Amino acid sequence: MKTNSHPTFRYVSVGYSCCGDDFLQTMSSRYDLERLGCVEAPQPQFANLLIIQGTLNAKLITEVNSLYEKMLTPKYIMALGTCSCGGGLFPLSPQHLPPVEVWVTGCPPRPEAIMNGVIALHEKVSGSREKSKSSGMKSGAQP
Ligand code: SF4
């Protein structure tokens with residue numbers, strides 16, 4: 001039986017800055033993020049991907065941590081924009097985040113860069129699945 005090796009990401013996003021405009025473009029029909037298996041989740045309880053956009057401050061980091069706790073496991077984080085990746089105006093930001101799988105830099109990151117980030121996350125997640133499958137097979141083969 002043939003199975004789809006690519007995971008589906010159901011995302012929630014947080015961030016109120018200019019990076020959000022490019023993320024909205026990425027969701028539009030021109031770029032169509034859904035064709036990469038990335039769809040918006042109605043609530044964080046149904047999401048496995050948190051997309052952080054742009055500037056983060058102390059209040060937003062509290063929101064990020066709260067959303068992250070509510071999400072399904074396994075769960076992933078993608079940070080968009082130089083502000084999210086490097087701290088921007090608030091250099092404390094990245095150190096206070098839950099673990100981030102993919103960093104997409106740029107000010108703002110172009111939709112193509114955001115899509116590359118999603119592809120990189122697919123590869124990372126598929127790679128770790130393959131690893132765990134093969135290690136499971138090895139341990140199963142042992143007496
Ligand atoms: S990285 Fe650039 S575009 Fe994104 S929030 Fe910061 S200043 Fe705005």
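**View 1. Secondary structure of the predicted chain.** Helices (H or I, at least four residues) and strands (E, at least two) are DSSP runs, numbered from the N terminus. On that basis, the protein chain has four helices and five strands. The model is predicted. Along the sequence, the elements of the protein chain follow the pattern β-α-β-β-α-β-α-β-α. The protein chain has 143 residues, and 31% of them count as buried. Among contacts in the protein chain with a separation of 6 or more, 80% link residues 24 or more positions apart.

**View 2. The open sheet.** In what order do the five strands lie in the sheet? The order is 2-1-3-4-5, and the pairing is parallel. Strand 2 (38-40) and strand 5 (102-104) are the edge strands. Each of these two pairs on one side only. From one strand to the next, the twist averages 30°.

**View 3. Strand 4 against strand 5.** Strand 4 covers residues 76-80 and runs parallel to strand 5. Three bridges join the two strands. In one pairing, Leu80 has Val104 of strand 5 as its bridge partner.

**View 4. Helices packed on the sheet.** Helix 1 (residues 19-27) packs on the sheet. Helix 1 touches strand 1 (9-14), strand 3 (49-53) and strand 4. The direction of helix 1 makes about 135° with that of strand 3. Helix 2 (residues 58-70) lies across strand 1 and strand 3. Helix 2 runs at about 160° to strand 1.

**View 5. The largest nonpolar core.** In soluble globular proteins, nonpolar side chains tend to be buried together. Here, the largest nonpolar core holds 31 residues. Which members touch the most others? They are Tyr11, Leu49, Leu50, Ile51, Ile52, Met78 and Leu80. Strand 1, helix 1, strand 3, helix 2, strand 4, strand 5 and helix 4 (111-141) each supply at least two residues of the core. Strand 4 gives the largest share, five residues.

**View 6. Surroundings of Ile51.** Ile51 is among the core residues that touch the most other members. Leaving aside residues up to four places away in sequence, Ile51 touches Tyr11, Ser13, Phe23, Met78 and Leu80.

**View 7. The shell around the ligand.** The ligand has 11 residues around it. Cys19, Gly54, Gly81, Cys83 and Cys107 come nearest. How many residues of the shell are nonpolar, polar and charged? The shell has five nonpolar and six polar residues, and no charged residues.

How values were computed
Residues are numbered from 1 along each chain as its sequence is written. This is a predicted model: local features need pLDDT of at least 70, side-chain atom pairs count only at pLDDT 80 or more; totals for chains, interfaces and linings use all residues. A residue is buried if 20 or more other C-beta atoms lie within 10 Å of its own, exposed if 12 or fewer, and partly exposed in between; C-beta atoms are placed from the backbone. Two residues are in contact if their C-beta atoms, placed from the backbone, lie within 7 Å. Two strands pair if DSSP finds at least two bridges between them. Axes are lines fitted to C-alpha atoms, for helices over the stretch in contact, and angles run from 0 to 180 degrees between N-to-C directions. A residue is near a molecule or strand if its C-beta atom, placed from the backbone, lies within 6 Å of it. Ala, Val, Leu, Ile, Met, Phe, Trp, Tyr, Cys and Pro count as nonpolar, Asp, Glu, Lys and Arg as charged, and the others, Gly among them, as polar. A nonpolar core is a set of buried Ala, Val, Leu, Ile, Met, Phe, Trp, Tyr and Cys residues joined through C-beta atoms within 7 Å.
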